[in-house]
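Visitor: Please take a close look at one part of this model, the salt bridges and what surrounds them. I would like one connected account.

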Amino acid sequence: MDDPRTTPPQATGGLPPGPAGVPHLPGETPDQSARSGPTVVVGTYSEYAQAQQAVDHLADNKFPVERTSIIGTDLRLVETVLGRLTTGRAAAAGAGGGAWFGLFIGVLFGLFGKSNWFAVILTTVLVGAVWGAIFGAIAHAATGGRRDFTSRSSLQAAQYAVLADAEVADEAKALLIRLNWQVSGAQ
């Protein structure tokens, strides 16, 4: 029987690697053979882009980046208020969503039907927009004024730490010190 750690994901029916590494399905245990010991913080940054740049610098200098991690700490949920929500705005948003759904249904009907394709799409978009506006207005009215604003939520970290395995931490620190010297303009 093949060892799943040595068999490529395509051969095991698993998921292919992505930008965040090889995903693991629920019930699977990630391969911990690469992580054999403790980790050490080799740099802290106030923005994720800076931490990403640090790991990219390590990769550019042939450092084994598979032995590093970026950890966001002091997480907080930030809700940015975008504006006031009125029944008219709720209806307009519902109309937009309904029109998109109507377009989807219209394309399906147009592909598999024998009638005028343009007329089918136009009709389904209009019907979807009308029903979306009705449902959007009703949904907003049902809140009874408890949430009369629109917002966007995001999860933010106060700082980002770059960690490396203890065996290679000194090399990572030296490379990041060199990066900081280059960024500061020192020679």
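Guide: A polar contact is a pair of N or O atoms within 3.5 Å; within protein, one must be able to donate a hydrogen and the other to accept it, and residues adjacent in sequence count only if both atoms are side-chain atoms. One such contact, of 2.8 Å, joins the side chains of Asp165 and Arg67. The model is a predicted one, where local features need pLDDT of at least 70, side-chain atom pairs count only at pLDDT 80 or more, and totals for chains, interfaces and linings use all residues. Residues are numbered from 1 along each chain as its sequence is written, and side-chain values use heavy atoms, with hydrogens and water left out.

Asp165 and Arg67 also form a salt bridge, at 2.8 Å from N to O. The term stands for a side-chain nitrogen of Lys or Arg within 4 Å of a carboxyl oxygen of Asp or Glu. Asp165 sits in strand 3, Arg67 in the loop between helix 2 and strand 2 (68-84), and 98 residues separate them along the chain. Helices (H or I, at least four residues) and strands (E, at least two) are DSSP runs, numbered from the N terminus. Both Asp165 and Arg67 are buried. Buried means under 20% relative accessible area, exposed over 50%, and partly exposed in between (1.4 Å probe, protein chains only). Asp165 counts as buried because its relative accessibility is 0%.

Arg67 has another partner. Its side chain meets that of Glu167 in a salt bridge of 2.5 Å, N to O. Glu167 belongs to the loop between strand 3 and helix 5, 100 residues from Arg67.

The count of salt bridges comes to three. Glu79 and Arg147 make one of them, with their closest N and O atoms 2.5 Å apart. Here strand 2 supplies Glu79, the loop between helix 4 and strand 3 supplies Arg147, and the two positions lie 68 residues apart. Glu79 is partly exposed, at 38% relative accessible area. Arg147 is partly exposed too, at 39%. Shared partners join Arg67, Asp165 and Glu167 into one network.

Now the sheet. Three strands form an open sheet in the order 1-3-2, with antiparallel pairing. Two strands pair if DSSP finds at least two bridges between them. Strands 1 and 2 stand at the edges with a single partner strand each, so one side of each has no neighbour in the sheet. Neighbouring strands are turned by 30° against each other on average, direction ignored. Strand 2 and strand 3 run antiparallel and are joined by 15 bridges. Ile70 has Val162 of strand 3 as its bridge partner. Helix 2 packs on the sheet and touches strand 1, strand 2 and strand 3, its direction making about 150° with that of strand 2. Axes are lines fitted to C-alpha atoms, for helices over the stretch in contact, and angles run from 0 to 180 degrees between N-to-C directions.

Val162 leads on to the largest nonpolar core, which has 17 residues; Val42, Phe63, Val162 and Leu176 have the most contacts inside it. Such a core is a set of buried Ala, Val, Leu, Ile, Met, Phe, Trp, Tyr and Cys residues joined through side-chain atoms within 4.5 Å. Helix 5 gives the largest share of this core, five residues. Beyond its neighbours within four places in sequence, Val42 is in contact (heavy atoms within 4.5 Å) with residues including Val162, Ala164 and Leu176.
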